[in-house]
Amino acid sequence: MTGSAAPTGRQAILRAARRAFALQPYAQVTLRGIAADAEVSASLIVKLFGSKEELFALTTDFSADADELFDAPLEALGRHMVLSLVRTRRERSSDPLLRVVFSLGIEDERSVLRDRFREQATRRLAGRLPGAEPELRAELILGQLLGLGATMSIHRDGGGTGQAAAGHLADLCAPALQRLIDGG
């Protein structure tokens, strides 16, 4: 987390809640458990977010992250997505997409996370793509971004992706994304 400030209470709560809801059945998640992980009081969670249900709804929403990730003209979208992902990881110590990976293969309320990701990220991106097979291409684009996010997480303390300049990562990764965006 080079050069980034410590997360605020709100950010720490959201990160802890995303982790809890992705790794445990909804019924087993408690505000006290989230509070302990976030190193805040359970009353602060209630004050900031209301109920467990409201916190769950917020943590399973990808729309704001998709807004930021897809906010570029199509001809520059590949580079923008890489830069946006890297910036979000480094400045906020979070990944706009990676939390969906932890819900794979688990059936219960966490399927909401996968469904919302498909609707708010995959289908939304597919709706912007020209040409044939937009949904397939959107899945492949997001898969590459998920892979980049996972790689940065694994190697965050070492060289390579953990230390490479954002522009350099975009130079290396964006052309492949852009080919999928353009339909070529």
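A crossing is right-handed if the near helix is turned clockwise from the far one by less than a right angle. The exercises below apply to a predicted model.

**Exercise 1.** Which residues of H1 and H2 meet, and how do the residues of this contact divide by type?

*Solution.*
- Step 1: From H1, take Ala12, Ile13, Ala16, Ala17, Arg19, Ala20 and Phe21.
- Step 2: Their partners in H2 are Ile34, Asp37 and Ala38.
- Step 3: Sort the residues of the contact: eight are nonpolar, none is polar and two are charged.

**Exercise 2.** Describe the packing geometry of H1 and H2.

*Solution.*
- Step 1: H1 spans residues 9–23 and H2 spans residues 31–38.
- Step 2: Their axes lie 8 Å apart, at an angle of about 125°.
- Step 3: Roughly perpendicular covers 65 to 115 degrees, and roughly antiparallel needs over 145. The angle of about 125° fits neither class, so H1 is oblique to H2.
- Step 4: The handedness of this crossing is right-handed.

**Exercise 3.** Which helices each supply at least two residues of the largest nonpolar core, and which gives the largest share?

*Solution.*
- Step 1: This core has 33 residues. Those with the most contacts inside it are Met81, Val82, Phe117, Leu125, Ile141, Leu142 and Leu145.
- Step 2: The helices are H5 (63–69), H6 (77–92), H7 (111–128), H8 (134–154) and H9 (166–182).
- Step 3: H8 gives the largest share, seven residues.

**Exercise 4.** Which residues does Met81 touch, leaving out those up to four places away in sequence?

*Solution.*
- Step 1: Met81 touches Leu69 and Phe70.
- Step 2: Add Ile141, Leu145 and Ile181.
- Step 3: Keep the second core apart: this separate set of 17 residues includes Phe21, Val29, Leu31 and Phe49.

Notes: Residues numbered from 1 in each chain as written. Predicted model: local features only at pLDDT ≥ 70, side-chain atom pairs only at ≥ 80, totals over all residues. Heavy atoms only, no water. Core = buried A, V, L, I, M, F, W, Y, C linked by side-chain atoms within 4.5 Å. Buried < 20%, exposed > 50% of the residue type's maximum accessible area, 1.4 Å probe, protein only. Helix = DSSP H or I, 4+ residues; strand = E, 2+ residues; numbered from the N terminus. Contact = heavy atoms within 4.5 Å. Axes fitted to C-alpha atoms, helices over the stretch in contact; angles between N-to-C directions. Parallel < 35°, antiparallel > 145°, perpendicular 65-115°, else oblique. Nonpolar A, V, L, I, M, F, W, Y, C, P; charged D, E, K, R; others polar.
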